[in-house]
Amino acid sequence: MQVTEIQKALRDFGLDGWLFYDHHVRDPLAYRILGFSAARIPTRRWYYLIPATGEPLALVHRIEPNMLDAVPGVHAVYSSWQTQLDGLRTMLDGCRRVAMQYSANNAVPYVSMVDAGTVELIRGLGVDVVTSADLIQLFEARWTAHQLETHREAGRRVDAIRRAAFREVGARLAGGHAVTEFDIKNFILQAFERDGLFTDHGPIVGVNENAANPHYEPTADRHRAIQRGDVVLIDLWAKLATDPDAVFYDITWTGFTGDVPTDVNNVFSIVAGARDAAIAFVEQGAAAGTPMAGFQVDDAARSHIAAAGYGEWFVHRTGHSIGRDVHGTGANMDNLETHDERSLIPGTCFSIEPGIYLDRFGIRSEVDMYVGEGQAFVTGEMQQELVRIL
């Protein structure tokens, strides 16, 4: 745990402390940031305050006194609800504003781990609770150089599997063999296992109207055949299976089985243009050192699609943070589902994945972008035209 670095950040943000709280491991972020795993499921509440200056303070229940032994600081115990309140008053003495894993109006659900009652409890002690979302970015969402390399290696493997999946569709159709969305999903999963990759769910393989459902996933009981004249969308994400610090690589490509109709090609061109507009916005801002917020990246992509007359058919945010979870805890590229004002900070990665979802088919093009010091770049291959499957 980086106490000194956390305290500097607290002072930079004008906060008196960062208050961590857990019960039944409801806040996995707390354990990751504090750098320990619970020795057992905590059945009683614990609290841990890192103040802007001074020594950290821990408060644990008397029947679970060793719950926070792994972290430094002065430890106190409580038993009754009255002594819990007394302990919190002592812990928070002198604090006016503290950060917690809370988000006003649940605008950032990925960091909104603390229940409303606990926020009320702390505010009832005369302490203002503010979101820890920006702190989470600094101490959870930033990648190490090693993590960036795990991402790139996963990308090399995933890109090869993606190419093979489209080839498999074409080979089966050319050979007169039946092929379904579910077949290709299983083809990808088998390749992941063979190539040392892990995914928590997916992938998405969607044909025509199924490609117009952004979170469609074929199953053994629900899938359709892939035939000539079909739009085929493949969205796949994975990370290295054996490295506990590995981070995800997440992409979407779209193809067509046959000669591409003009309307399908036009929609792809608009989606690719929106993707490229967002990429350019981030690249230019990073190079110039201009502060950028997630909602601005969304605006760059969404305005391109709206100008082409398809704004109502772009139904999700432009992108999401990527980390050890495929949906990470950093800034999202979002001014639709939420208004994400978090800044894009060096060391973080996110997807850019605009899409247009019509009644007959959907098109999405997804890449991952990494923001470094004074630069930003797409980390893998980028689709320039529809995959010609046949």
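## Charges over aromatic rings

In this predicted model, the charged end of Arg162 is placed over the ring of Trp253, at 3.5 Å from the ring centre. A second such arrangement involves Arg302, whose charged end sits over the ring of Phe314, 3.9 Å from its centre.

## Aromatic pairs

A pair of aromatic rings is described by the distance of the centres and the angle of the planes. Searching the whole structure yields eight aromatic pairs. One of them joins Phe36 and Trp46: the ring centres are 6.4 Å apart and the planes meet at 50 degrees, so the pair is tilted. This pair links distant parts of the chain, as Phe36 belongs to the loop between α2 (28-34) and β2 (46-51), while Trp46 lies in strand β2, ten residues apart.

Phe36 has a relative accessibility of 9% and therefore counts as buried. Trp46 is likewise buried, with a relative accessible area of 1%. Elsewhere, Trp18, Phe20 and Phe139 make up one aromatic cluster.

## Nonpolar cores

In soluble globular proteins, nonpolar side chains tend to be buried together. The largest nonpolar core here has 46 residues, and those touching the most other members are Val264, Val282, Leu344, Phe350, Ile352 and Ile363. At least two residues of this core come from each of β9 (231-240), α8 (262-288), α9 (294-307), β12 (348-352), β15 (367-371) and β16 (376-378). Helix α8 gives the most, with eleven residues.

Leaving aside residues up to four places away in sequence, Phe350 touches several residues, including Val282, Leu344, Met333, His320 and Asp368. Apart from the largest core lies another, of 30 residues, among them Tyr31, Met67, Val111 and Ala133.

Notes:
Residues numbered from 1 in each chain as written. Predicted model: local features only at pLDDT ≥ 70, side-chain atom pairs only at ≥ 80, totals over all residues. Heavy atoms only, no water. Phe/Tyr/Trp six-rings, centres within 6.5 Å; stacked < 30°, edge-to-face > 60°. Helix = DSSP H or I, 4+ residues; strand = E, 2+ residues; numbered from the N terminus. Buried < 20%, exposed > 50% of the residue type's maximum accessible area, 1.4 Å probe, protein only. Lys NZ or Arg CZ within 6 Å of the ring centre and 35° of its normal. Core = buried A, V, L, I, M, F, W, Y, C linked by side-chain atoms within 4.5 Å. Contact = heavy atoms within 4.5 Å.
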